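Please look through the sequence and the structure shown here before reading on, and keep both at hand while following the text.

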Amino acid sequence: MHKFSQKPSVSDHFLGFQQSVATRIAWPYSFEKDSLVRWRANILSSILIVGLITGVFAFAAAAALIVKKNAWGLAFVDSLGLVLCLVFLFVHRIRYEIRAAVSLLIFYVIGMAIILSVGPLSGGPAWLFAFAVIAGVLMGNTAAFAAIILNALSLAAISILILTGRWGHDFVFFTSSQAMAAAGVNFIVLNSITAVSVSTLVKGLYQLFRKKEELAEGLASERSQLIQTKNRLESEVKERKSAETRLQENQKLLAQITKHTSAMVSIHDADGNYVFASPSHEQLGYTPQDLIGKSGFTMVVEEDIPYLLENFENAKRKKISSVFLNYRLKNTRGGIHNYQGSFDGIINQDGTLERIICVGEDITELRKAQAEKIQALTLAAEAQKLALVGQVAGKMAHDFNNILGVVMGTAELAILDCPHEQTRESLQLIFDQTIRGKNLTKNLVAFARDQEPKQEFFDIDEKIDLVLNLLKKDLEGIDIKTEYADLLPALLADPGMIEHALVNIFQNAVHATSMTPSPKIVIRAGVQEKWIVLEIEDNGCGISETFFDKVFEPSFTLKGSKDTRGAYASGIKGTGYGMANVKRYIQQHNGSVSIASELQKGTTVTIRLPVIKRQLTPDEITGAGIETFITNKHILVVEDEPAISDIQSRILSQAPCHHTVDIAEDGPAALDLLAEKMYDLISLDYILPGNFTGMDIYRHIREISKTVPVLFISGNIEFLESIKELQQKDPHIDHMSKPCMNMDYVKRIHQLLLHQVAGVSPKMGRPTGQTPESRAGSLFQKGPEKENAVLPGGDEHILLVDDEKTIVQLQTQILEELGYTITSFTDSLAAVDGFQADPEGFDLVITDMAMPRMTGAKLAGEMIAIRSDIPIIMCTGFSDRISEETAKFAGIKHLFMKPLVVSDLAFAVRKVLDEAKK
């Protein structure tokens, strides 16, 4: 049968129109959410529509009366009511409360207008009656009570006017005033009862309807939830069946994939039982079929089971889906194998564990190799631990040198003022012993350090490639990228030390990337001005900025038991001496090493080593600062390293020196040449092969000539600490530390030759015939350039800072006797305040390095920030944080090692002040 569409009836159109009007009237309330407003809006719309339609007829019926009785006020009120009906029916965005209140007011006004125009016995009271009833319907009981009170007041006022004869004598009226009062009271009572009853009825119907709606909504919601649950269950059943099918297929595929791999792959259910085992389990004597359904700990060594369980529980607590562990498995014959593997958890949507996938690799042979490697490195590690002795000794040196400085300075001042020769000799003995104490302190600091580097030229890029090849096994799985600049100059250095430094840095990078998903190491080599610069960058775990200053300290490590962040793979431990040795090796080559790092992003180690060329460059020659070089001298170079002797021979024989150079590679060769020829200067290495040392050759030279200049070239700690004592006895010697820059070497040779030509024989001592009245005026400064020079003084203002009161008193006495004005502080913070109060009032600052509250380096920085051109001299007994290079970079003009010799202090102060004036 066909269904014919039925055309909408008139009533359907009317209901549709009424609904649109009701929706408009309900604004700004939601017509769907607020059912009470919906009910009242429907009632108001019905009242307005019916009122508009019937009002037209009422207006027409009253037209004759309006004209006859001249009731134009009533006509105006009726017209106003019709207009407001139209407005409230069709105009948008008028609040419901306004529409309802104005509509009710129309009822009241029309009622009052009819009463005033026709009389109390007209239809006016009916309008007032309706006004109160509809107020309760549209706006509730409160509005109904307000309408009833308004009606009562209005009727009372009309009654009073009628009773007093002021109004209404033309209207048909009640038979008596008592009848009028009774009628009025009954009207109000009935009006109240009706209005309240209708209002309560409407609210009750609304509550009943609302409960019905809520019940319907609850049923609809439950039905929707049931449908969703049904659909979800059907989907889950379907997915589970599909997942089981895929699992079976994947297990077949996995078995095929793992058939030829040595790694043991297994899948376990939530209880830890085997679901899948790869064929590689057979290497331990188990077949996959034997393991299915058994516990995952079947092959695990019993002692390791608690360790694995603890890590699994920890991973659950921290919600870690993957862990990487070391463990041991036993084969069917009882043998133990070391394994390293990952355990990855497959989590259901509800957060429960579904599967555990384990991939383990047998590292038994690797462990054996590591054990052999550790055993081979044990001796080296023991040697490295000796560096701690040097560190502890260095900390002691500062305090000891302060004490020694007081004794030395006091003895030196006493020598100046003592008129008795015998007493001066005793004081001189004390002074000499303080010099020995100073050297002993330095020897103590240098204890356990390596000897001087053995130097030769080699290509740094080839050395890096060699180290990478040596560490090939350790670097497996890491993306290695090298970036070498074109035409890298050859590096003059100890190949073994540089190789060892690179090994330490690369191993640190390997360890740092042990937990990185895609490990990468980038090695760059280039040239910046006079430096060969190496950068080793990794993308590993990084280092907190808090530890930057401690990285180069012996015994410091963040690995092993110190790895609180879990940044390194299990089994990685550090000795704490790797970077300490790197720093020592690089500093022995007059280079520098620094690090830049950020947690979880990686670390960059930067090494700077000086470029030492085989001959002087034109820029070095023109920038030497020497107007006329002494040339054409005969020089013997005693050096066992061909790379060094070749450089020294080249730069001395070519411009600007043009000397004749002979080379001796060992002691006997040097003795033979000295027996055959006369030399104007000997450049002598302290460490020589065979049974002869540089000191042996020196003694032989002095048997031949007492005045020929000798320049010692050595990095040997023992020699460098004793050379100054030797210089006091022999003014014709000097020394340089290995390695040295070419231009520095040429200048030192020129200086020695210059003194030789001038007949100067500098030495340290006190001239005879000195009187106490001349005070410090004739103390001698060791060093060839200041022989027989009177101690210089001045009238400048010096700020002196040292936390030792005795040091301050002694230095103040020395400097005041030299003519200077001294302001002293034993507190660094107070010194900064004093300087800030009058920064232009001081010409020089002399400060100790190690002080409480603020170090000398920090104090210098604060003062330079206040006045950038203030010259500063730094004094230190020991510090691993500052060197001459770093001091100069920080703006410090001179660095003194304690204890101070009076003449050293006098000349240094005068030199710094004169340079500042220039």
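The paragraphs below turn to a sheet and then to salt bridges.

The model is a predicted one, and a good place to begin is an open sheet in which five strands follow one another in the order S14-S13-S15-S16-S17, with parallel pairing. Strand S14 (660-664) and strand S17 (733-736) stand at the edges of this sheet, and because each has a single partner strand, one side of each is left without a neighbour there. Direction ignored, neighbouring strands of the sheet are turned by 20 degrees against each other on average.

Within this arrangement, strand S13, which covers residues 634-638, runs parallel to S14 and is joined to S14 by five bridges; in one of the pairings between these strands, His634 has Thr660 in S14 as its bridge partner. Helix H19, made up of residues 667-676, packs on the sheet and touches S13, S14 and strand S15 (681-685), while the direction of the helix makes about 140 degrees with that of S14.

The salt bridges offer another way through the model, and a search of the whole structure finds 23 of them. One is formed by Arg95 and Glu97, whose closest N and O atoms are 3.6 Å apart; Arg95 is partly exposed at 35% relative accessibility, and Glu97 is likewise partly exposed, with a relative accessible area of 27%. Another joins Arg232 to Glu236, with the closest N and O atoms 4.0 Å apart, and here both residues lie in helix H8 (residues 177-257), four residues apart, which is about one turn of the helix. Arg232 is partly exposed with a relative accessible area of 46%, and Glu236 is partly exposed with 41%.

A further salt bridge brings together the side chains of Glu796 and Lys917, at 2.7 Å from N to O. Glu796 lies in the loop between helix H22 (742-758) and strand S18 (797-801), whereas Lys917 lies in helix H27 (residues 902-917), so the pair ties together parts that are 121 residues apart in sequence. Is each partner buried or exposed? Glu796 has a relative accessible area of 6% and is therefore buried, since the limit is under 20%, while Lys917, with 60%, is exposed, because that value is over 50%.

Finally, salt bridges can also share partners, and in this way Lys481, Glu483, Arg524, Glu535 and Glu537 are joined into one network.

Technical notes:
Residues numbered from 1 in each chain as written. Predicted model: local features only at pLDDT ≥ 70, side-chain atom pairs only at ≥ 80, totals over all residues. Heavy atoms only, no water. Pairing = 2+ DSSP bridges. Helix = DSSP H or I, 4+ residues; strand = E, 2+ residues; numbered from the N terminus. Axes fitted to C-alpha atoms, helices over the stretch in contact; angles between N-to-C directions. Contact = heavy atoms within 4.5 Å. Buried < 20%, exposed > 50% of the residue type's maximum accessible area, 1.4 Å probe, protein only.
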